[in-house]
Amino acid sequence: MPVRKFRSVEEMNQPVWREPGDAALYSTIAALWETGRRLQKHRFQPGVRRFRSIDELEMAADTPSVDR
Amino acid sequence: MSTDIRRAVVLDPAAAPPCPTVGRYTHSVDFATIKQVLAAFEREGVRYAIFGAAALNLHGLARFTEDLDVFLQPTEGNIAALRRALSGVFDDPSIEQITAEDLLGDYPAIQYVPPTGTFHLDLLTRLGEAFTYADLEIMRIPFDDVTVSVVSPRTLYRMKRDTVRLKDKADAALLKERFGIEDP
């Protein structure tokens, strides 16, 4: 389907759900992750880190430590 | 298709073998690597459940993520199986630092970044006071050609609904609508 038409921007931005097991889901995930990886400006410091809570872990995850 | 990435990851990323493909897309390194990690979990009998953004992807909504969130059954044997699985994928001695003593004790959250540094595995044995492994509804669903354990849409909704992050609240709303989830 090369052309799709929408009556509003809101309609255009609706999330596209696919069924688990649908090959299109995995090709979309792969393409999206590849794009994201190429756009990443940082790397994470390799290794193991311990946290006392998920909140501590999420704070650390939001601050990548190595520039690419 | 099986691709041994251990040497490529540690020694020379440029020497990595060609990525597997689905349709006309080339799988990203992380897609293939994460799939290998999960296949290793399955081989080693790790008791786990994927949650977070990766779970949202596997339930049908493609979304970029830099991490793989994994809830683990909190037993010494399971943490040993986890280490075996990770060591089968990554030639990385730091994996030995992932211990049951920590995960069953004062550190229920461990982050492991493989040598590539491009994503992280967040390993949890409990989530605040709200969730333990026993509280999770777990489903078996496909991740390409591997079948993996993922929290159900309802559990994922409950996890995301009560967090402070706006993107999690937005995800919760999407899950609620898609799966017809009722609040208690």
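1. The packing of two helices of chain B is a good place to start reading this predicted model. Where H6(B) and H7(B) meet, the residues on the H6(B) side are B:Pro153, B:Leu156, B:Tyr157, B:Lys160 and B:Arg161, and those on the H7(B) side are B:Asp168, B:Asp171, B:Ala172, B:Leu175, B:Lys176 and B:Phe179. Sorted by class, the residues of this contact comprise six nonpolar and five charged ones, with no polar residue among them.

2. How do the axes of these two helices lie with respect to each other? Helix H6 of chain B, residues 153–161, and helix H7 of chain B, residues 166–179, have axes that come within 8 Å and cross at roughly 150°. Because of that angle, H6(B) is roughly antiparallel to H7(B), and the crossing of the two is left-handed.

3. H6(B) deserves a second look, since it is mostly covered, with seven of its nine residues buried. The buried residues of H6(B) are B:Pro153, B:Thr155, B:Leu156, B:Tyr157, B:Arg158, B:Met159 and B:Lys160. The elements of chain B that cover them include H7, which was described above, together with strand E3 (48–51), H3, strand E8 (131–132) and E10.

4. Which residues have the most contacts inside the largest nonpolar core? They are B:Ile50, B:Ala55, B:Leu72 and B:Leu123, in a core of 60 residues. Helix H2 of chain B, residues 29–44, gives the most to this core, contributing eight residues. As general background, nonpolar side chains in soluble globular proteins tend to be buried together.

5. B:Ile50 can be followed individually, once its neighbours within four places in sequence are left aside. Its remaining contacts are with B:Ala55, B:Leu58, B:Leu68, B:Asp69 and B:Val70, and also with B:Val148, B:Ser149, B:Val150 and B:Val151. For chain B as a whole, taking contacts between residues at least 6 apart in sequence, 53% join residues that are at least 24 apart.

6. One backbone detail should be checked by eye, namely B:Asp144, which has a positive phi of about 60° although it is not a glycine. Most residues other than glycine have a negative phi. B:Asp144 sits in the loop of chain B between E9 and strand E10 (146–151), and it counts as buried because it has 22 C-beta neighbours inside 10 Å, where 20 or more are required.

7. The two chains can be set side by side as follows. Chain B contains seven helices and ten strands, and 45% of its 184 residues count as buried. Chain A has three helices and three strands, which run α-α-β-β-α-β from the N terminus on, and buried residues make up 16% of its 68 residues.

8. How many residues does each chain bring to the contact between them? Chain B provides 40 residues and chain A provides 37 residues. On the side of chain B that touches chain A, at least two residues each come from H2, helix H3 (52–58), strand E5 (109–113), strand E6 (120–124), strand E9 (138–143) and H7. The largest share of that side, five residues, is supplied by E5(B). By class, the side of chain B that touches chain A consists of 20 nonpolar, 13 polar and seven charged residues.

Key: Residues are numbered from 1 along each chain as its sequence is written. Chains are lettered from A and ligands numbered from 1 in the order in which they are written. This is a predicted model: local features need pLDDT of at least 70, side-chain atom pairs count only at pLDDT 80 or more; totals for chains, interfaces and linings use all residues. Axes are lines fitted to C-alpha atoms, for helices over the stretch in contact, and angles run from 0 to 180 degrees between N-to-C directions. Helices (H or I, at least four residues) and strands (E, at least two) are DSSP runs, numbered from the N terminus. Angles under 35 degrees count as roughly parallel, over 145 as roughly antiparallel, 65 to 115 as roughly perpendicular and the rest as oblique. A crossing is left-handed if the near helix is turned anticlockwise from the far one by less than a right angle, and right-handed if clockwise. Two residues are in contact if their C-beta atoms, placed from the backbone, lie within 7 Å. Ala, Val, Leu, Ile, Met, Phe, Trp, Tyr, Cys and Pro count as nonpolar, Asp, Glu, Lys and Arg as charged, and the others, Gly among them, as polar. A nonpolar core is a set of buried Ala, Val, Leu, Ile, Met, Phe, Trp, Tyr and Cys residues joined through C-beta atoms within 7 Å. A residue is buried if 20 or more other C-beta atoms lie within 10 Å of its own, exposed if 12 or fewer, and partly exposed in between; C-beta atoms are placed from the backbone.
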